[in-house]
Amino acid sequence: MLASPSCYSLAASSFPPSLHSSSSSGSNVFTGFTPMGKVTIRTRHRSTLKVTCRRAQERVIEEEESSSQMAAETKLSFKVSSGETSPLGVTQVDKGINFALFSHNATSVTLCLSLPHSDKDDVNVVVELVLDPSVNKTGDTWHICVEDLPLRNVLYGYRVDGPGEWNQGHRFDSSVLLLDPYAKLVKGRSFFGDSNQKFAQFYGTYDFESSPFDWGDDYQFPNIPEKDLVIYEMNVRAFTADESSGIDPSVAGSYLGLIEKIPHLLDLGINAVELLPVFEFDELELQRRPNPRDHMVNTWGYSTVNFFAPMSRYASGEGDPIKASKEFKEMVKALHSAGIEVILDVVYNHTNEADDKYPYTTSFRGIDNKTYYMLDPNSQLLNYSGCGNTLNCNHPVVMELILDSLKHWVTEYHVDGFRFDLASVLCRDTDGSPLSAPPLIRAIAKDSVLSRCKIIAEPWDCGGLYLVGKFPNWDRWAEWNGMYRDDVRRFIKGDCGMKGSFATRVSGSSDLYQVNQRKPYHGVNFIIAHDGFTLRDLVTYNSKHNEANGEGGNDGCNDNYSWNCGSEGETGDAHIKSLRVRQMKNFHLALMISQGTPMMLMGDEYGHTRYGNNNSYGHDTALNNFQWKELDAKKQNHFRFFSELIKFRHSHHVLKHENFLSKGEITWHEDNWDNPESKFLAFTLHDGVNGQDVYAAFNAHDYFVKALIPLPPAGKQWFRLADTNLESPDDFVKEGVAGVAETYNVAPFSSILLKSM
């Protein structure tokens, strides 16, 4: 099936072939449309379809006409009326199906419909309805109501025209079929990463026929307090796509595939998943033209096509938007039943439509470029996202779109929260200048529907707006704590002068968050995230190794604060391998005993490697895919240590205080703060309720340190829970090992954890 790329136009401005049918015999051309009253439609089988690139003039694609094929005509009639202005998108109303589209600068709008063929023939009926501005436009909203349309399996899009002045910021092209920004379901290519469909059209669709999803009579939201969260950042597809998952190939890499692996999440002990983007995105954006990255598939998903529709190719089997919607809900329901919350990584800072040098118009750009994107004084796209365009988030229309999208995911799909990618973009005015009180950020914090949601900012962007600890928050917003990541990495690997910073980070980063009514849990602590090194690579490589990305190693962060422990890359040296294992455990121990909200990355529980690639977004391979055989091999050692520490955190309130620590709640066993050569830190967290104090010590020196152990609470004795220098299973003993003396010899690059009982 041939589908037109968005920078291509069809001869005679005909609607692109429908994705409903793979047959080459059914296409349609229509004439004689009127905006009101009855519309007579003529269809015929398609003959020769010519597609040319308007700007590049690269090629002509032809679909040959069968010599025996004869034109066939079908007459249909539809009643149309002026329609309603709201809500935007597609809704079922008393008179039929209502379509509403915002465009301030458009001069003409045409609604294009592709109707499913009947059982008697294989012809898809295509209708193009030209909207009359005097009847079908109110203010800046274009609208029309069509009676007697099927209640599902209709594909639709718009052709929009307007001023042609690029120097005024307009990017109209009426030959391009555009996706409705408010489409609740999106039909794209059939299978993830299918390069044969790299130019597949994205269509809006709807389903007013299916019964409402059954959430169940006993269904409940987990409603986990923020202080109790342990977040697991993961990718839906990569979690089960690998053959080692043992999942049926038709389900592997899907929402349903994730359901099958919920027992692993429970075994690990996490209680919230943060899913990399699951909005409909274009995984083949890198393959539209020859370039150094045209071998890659965007498997992370930061290429949003639409903000309302779940990724259709994460459905089981062939990608289907209706099935994707249902299976996404099944996934959320199953996770909630297991007591696991669902947080979505959302990308409202840019879209898939790229820049003006290599434009890829699929929706916003062609509907109203000046409204949806930030432009400089010369009407060129601003780029604070690093991806060619920047969404105009604080424009009233775009702000409403974002709020409507968020509320849709909460009400329709029951998600529990959002992590906002490059959230500093959302703090910029329409001209790109920073705002001290961004309207969108405030509206999200104050919205009643979003009030139960976790809202987490990635508080920086690619334009240099770094807001860690300073993100406008209204006492609601949490932040990815980038300073935690950097300071903990540097201390654990043995950098000088980092002890004070390390102490500040593990005790809750009060220097960043103790202001107004903010809490320690508003800092999301992480050492590893999807972008950057995995935990294993953090202790295996001094430098990034991104050659496979095709950009000559110029992409990806250069400041990784990593240490290879003595040899770059994989090695057979037993001493180095042992040191790397200790370092991974040291990082995890620090993360799980820190005040604040911990987040870990999928795969770190067994030591996943990307072989030094710290920007692996474009590899739909084992480089990103969870390796279940590796997990099995590490189940009794590395995984067990990680899991036991997570569960220990859950059961000890001294590790997750509601408020910042007071002097009576922590004791620092330290009088050497000003010595930059000192790399040893020990402290006790006091349990004023049960007397179950927790003592931790971290030694980042390359020699043993004899630590003086403080006296335990009255009537108690110290038990050793963890010593990262010991082999499994002695590295963590959940019931504790008695006999801790007055001193403890803490090994080089190791840490210990004691508990009074």
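**View 1. L344 meets its partner across two neighbouring strands of a predicted model.** Here L344 stands opposite F418, which belongs to β18. The strands on show are β17, made of residues 341-346, and β18, made of residues 417-420. They pair in the parallel sense, with 4 bridges between them. Like everything in these views, this pairing comes from a predicted model.

**View 2. Zoom out, and you see a closed barrel of 8 strands.** Go round it and you pass β15-β16-β17-β18-β19-β20-β21-β22, with parallel pairing. On average, neighbouring strands in this sheet are turned by 25° against each other, ignoring direction.

**View 3. Helix α5 lies across two strands, β16 and β17.** Compare its direction with that of β17 and you get about 135°. Another helix, α13, packs on the sheet too, where it touches β21 (523-526) and β22 (597-601). The direction of α13 makes about 150° with that of β22.

**View 4. Helix α13 also lies across β24, β25 and β30.** The helix covers residues 574-593. Look for β24 at 680-685, β25 at 694-699 and β30 at 750-756. Against β30, α13 runs at about 40°.

**View 5. An open sheet is built from 6 strands.** Read across, the order is β23-β24-β25-β30-β27-β28, and the pairing is antiparallel. Which strands sit at the edges? They are β23 (666-668) and β28 (732-737), and each of these pairs on one side only. The average turn between neighbouring strands of this sheet is 15°, direction ignored. Now move in on β27 (residues 718-723), which is joined to β28 by 2 bridges and runs antiparallel to it. A good spot to find is A722, whose bridge partner in β28 is F732.

**View 6. Strands β8 and β9 run antiparallel, joined by 6 bridges.** β8 takes in residues 108-115, while β9 takes in residues 125-130. Spot T110 and you'll find V130 of β9 opposite. β9 is mostly covered, with 5 of its 6 residues buried.

**View 7. Two rings, F192 and F281, meet edge-to-face.** To describe a pair of aromatic rings, you give the distance of the centres and the angle of the planes. For F192 and F281, that's 6.3 Å centre to centre and 75° between the planes. The two residues are 89 apart along the chain, so to speak, in distant parts of it: F192 is in the loop between β13 (185-187) and β14 (203-205), and F281 is in the loop between β16 (272-275) and α5 (321-337). Are these rings' residues buried or exposed? F192 is buried, at 12% relative accessible area, and F281 is buried as well, at 0%. The structure holds 43 aromatic pairs, this one among them.

**View 8. Two charged side chains sit over rings.** The charged end of R289 is over the ring of Y358, 3.4 Å from its centre. K635 lies over the face of F639, with 5.2 Å to the ring centre.

**View 9. Helix α15 is largely enclosed by the rest of the structure.** Why say so? Because 11 of its 13 residues are buried, including H638, F639, F642, L645 and I646. Charged residues turn up in that buried list as well, R640, E644 and R649 among them. The helix runs over residues 638-650, and at 1.5 Å a residue it should span 18 Å. Its end C-alpha atoms are 19 Å apart, which agrees.

Note on methods:
Residues numbered from 1 in each chain as written. Predicted model: local features only at pLDDT ≥ 70, side-chain atom pairs only at ≥ 80, totals over all residues. Heavy atoms only, no water. Pairing = 2+ DSSP bridges. Axes fitted to C-alpha atoms, helices over the stretch in contact; angles between N-to-C directions. Contact = heavy atoms within 4.5 Å. Phe/Tyr/Trp six-rings, centres within 6.5 Å; stacked < 30°, edge-to-face > 60°. Buried < 20%, exposed > 50% of the residue type's maximum accessible area, 1.4 Å probe, protein only. Lys NZ or Arg CZ within 6 Å of the ring centre and 35° of its normal. Expected span 1.5 Å × (residues − 1).
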